[in-house]
Amino acid sequence: MYNLLKGKKGIIFGALNVDSIAWKVAQRAYAEGAQIVLTNAPVAMRLGEINKLAEECNAPVIPADATKNEDLENLFSKAIEHFGGKVDFVLHSIGMSINIRKNRSYAESVHEDFIKGMDISALSLHRTLAAAWKLDALSSGSSVLSLSYIAAQRTFPGYGDMADNKSYLESITRSFGYYYGKKNGTRVNSISQSPTKTSAGSGIAGFNAFYNYAQKMSPLGNATADECADYCITMFSDLTKKVTMQNLFHDGGFSYTGVSEEVMEMFMDKE
Ligand SMILES: NC(=O)c1ccc[n+]([C@@H]2O[C@H](COP(=O)([O-])OP(=O)(O)OC[C@H]3O[C@@H](n4cnc5c(N)ncnc54)[C@H](O)[C@@H]3O)[C@@H](O)[C@H]2O)c1
């Protein structure tokens, strides 16, 4: 370990179980010397898994539904009280599409559920940043990250309305990144991660095909949840102070590969 987050205090959303990307980020942040607060939707807490992580990381758990402004304001107030000061980093690791959960195709998305999914997966980032803004909860030079997927730029059948949610998430990242940069040097970025075997990932129809295809296409192979956690730590650290408003691909090179030899091999005419 490098003590990269020594003395820093952060809030981590979205650790549901040991597979969650947020779970790995929490473990890694704690190992790098950070003090953390864990949060998730009250309904997710009923599974109780998060308490194990809380014990391991010596972190309080403060429930918050990320679609409720009052929950988010309560979270930031309590976190500031617990830390005895402002928050230095935030991980927004939240995503859910009701249309995908109900196996509806993109064309048959139900719009009420589209809006709910967008609120959970994208607008929640705005709500989080706005709650912190109202309470002046983020320290100068702090760092906020959310997690995205390349379906924001390119179409992946089966990813449904989550593609639109991720585009919206990346847009909020840029917009709020501007205002926060001006306010106090806070950085706001998204990390666009490889397909990763988690509860949210496995809920996507054809997830295995996305995963295997990306594995064959990416020169470095798919990035794991642990590797994503490593990247998040660098972004929370003081080593990346001038990176903001970016969507950062963490995908083993998938996003810039036209085709790989392994994939070409599958389409060669056999003589
Ligand atoms: N797994 C992948 O293949 C992959 C790839 C790229 C990006 N991502 C993104 O990474 C992030 C984390 O997902 P994951 O793969 O670790 O899966 P996960 O299922 O472990 O995490 C999703 C989290 O969102 C939380 N959540 C849902 N509704 C909420 C609400 N109303 N308020 C607060 N929290 C709520 C869930 O409780 C859960 O903890 C998501 O944004 C996801 O889209 C995942």
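Me: Let me get the terms straight: a residue is buried if 20 or more other C-beta atoms lie within 10 Å of its own, exposed if 12 or fewer, and partly exposed in between. How many does Met245 have?

Reply: Keeping in mind that this is a predicted model, Met245 has 17 other C-beta atoms within 10 Å, which means that it is partly exposed.

Me: Thanks! Where is Met245 found?

Reply: Met245 sits in the loop between helix H10 (225-236) and S6. Its phi is near 65°, which is positive although Met245 is not a glycine. Most residues other than glycine have a negative phi.

Me: Is Asn58 buried or exposed?

Reply: Asn58 is exposed, because just 9 other C-beta atoms lie within 10 Å. Asn58 also has a positive phi, about 55°, and belongs to the loop between helix H3 (50-57) and H4.

Me: Switching to the sheet: what is the strand order?

Reply: The six strands run S2-S1-S3-S4-S5-S6 in an open sheet with parallel pairing. Strand S2 (35-39) and strand S6 (247-250) are the edges, each pairing on one side only. On average, neighbouring strands are turned by 20° against each other, direction ignored.

Me: And how many bridges link S4 and S5?

Reply: Six bridges, in the parallel sense, between S4 (residues 138-148) and S5 (residues 187-193). Leu145 stands opposite Asn189 in S5.

Me: Which strands does helix H1 lie across?

Reply: Helix H1 (residues 21-31) lies across S1, S2, S3, S4 and S5, at about 165° to S1. Helix H4 (residues 69-83) lies across S1, S2 and S3, running at about 155° to S2.

Conventions:
Residues numbered from 1 in each chain as written. Predicted model: local features only at pLDDT ≥ 70, side-chain atom pairs only at ≥ 80, totals over all residues. Pairing = 2+ DSSP bridges. Helix = DSSP H or I, 4+ residues; strand = E, 2+ residues; numbered from the N terminus. Axes fitted to C-alpha atoms, helices over the stretch in contact; angles between N-to-C directions. Contact = placed C-beta atoms within 7 Å.
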